[in-house]
Amino acid sequence: MKQFKSKCGYIVFKCTALEIISIGGLGICDHCNNFSEVGYLIPVLNHWLCESCFLKWDENSTYYPEDIPFEKKNTKYYLSHIPLT
């Protein structure tokens, strides 16, 4: 799993479908419902997206400071279950 920031500033993790099994994921995109071997875990949304859906979201997302507590909580959880590479 690799961590980076979205265009608007949210934390994003790029990970494989195998990596998200440890948090109950199956590699199914939360937007289009298609399986993807590699996807993007977005803590502020608590969503896992395929590359196509992530790119659409990344272009249109808006940063809201009031989301920071949710993002921090979910990020801490993800990092405790899936190691960064």
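This is a short tour of a predicted model, one selection at a time.

**Whole chain.** Start with everything shown. The protein chain has two helices and four strands. From the N terminus on, the order is β-β-β-β-α-α. Along the principal axes, the C-alpha atoms fill a box of roughly 30 × 25 × 20 Å. The radius of gyration is 12 Å, which agrees with the value near 12 Å for a compact globule of 85 residues. Of those 85 residues, 38% are buried. Now turn on the surface. The chain exposes about 5,200 Å², and carbon and sulfur atoms supply 58% of that area.

**Strand β3.** Select residues 38-42, which are β3. Is this strand enclosed or open? Four of its five residues are buried, so β3 is largely enclosed by the rest of the structure.

**The partners of β3.** Add β2, residues 11-16. β2 and β3 run antiparallel, joined by four bridges. To find one of these pairings, pick Thr16; its bridge partner in β3 is Val38. Next add β4, residues 47-50. β3 and β4 also run antiparallel, and four bridges join them. Here, pick Ile42 and look across to His47, its bridge partner in β4.

**The hairpin turn.** Stay with β3 and β4. They form a hairpin with four residues between them. Select Asn46 in the turn: its phi is positive, about 55 degrees.

**The largest core.** Select Tyr10, Val12, Cys29, Tyr40, Ile42, Val44, Leu49, Cys50, Cys53, Phe54 and Trp57. These 11 residues make up the largest nonpolar core. Which elements give two or more residues to it? They are β3, β4 and α1, the last spanning residues 51-60. The largest share, three residues, comes from α1.

**Cys50.** Zoom in on this core member. Leaving aside neighbours within four places in sequence, Cys50 is in contact with Cys29, Cys32, Ser36, Val38 and Tyr40.

**A second core.** Move to Ile11, Ile20, Tyr78 and Ile82. They are among the nine residues of a second, separate core.

**Ser6.** Go to the loop between β1 (2-5) and β2, where Ser6 sits. Is Ser6 buried or exposed? Its relative accessible area is 5%, under the 20% cut-off, so Ser6 is buried. Beyond its neighbours within four places in sequence, Ser6 is in contact with Val12, Trp57 and Asp58. Val12 and Trp57 belong to the largest core.

**Last look.** Show the whole chain again. Among contacts with a separation of 6 or more, 52% join residues 24 or more positions apart.

Methods. Residues numbered from 1 in each chain as written. Predicted model: local features only at pLDDT ≥ 70, side-chain atom pairs only at ≥ 80, totals over all residues. Heavy atoms only, no water. Buried < 20%, exposed > 50% of the residue type's maximum accessible area, 1.4 Å probe, protein only. Contact = heavy atoms within 4.5 Å. Core = buried A, V, L, I, M, F, W, Y, C linked by side-chain atoms within 4.5 Å. Pairing = 2+ DSSP bridges. Rg over C-alpha atoms; globule rule 2.2 N^0.38 Å. Areas by Shrake-Rupley, 256 points an atom, 1.4 Å probe, with all protein chains shown as cover.
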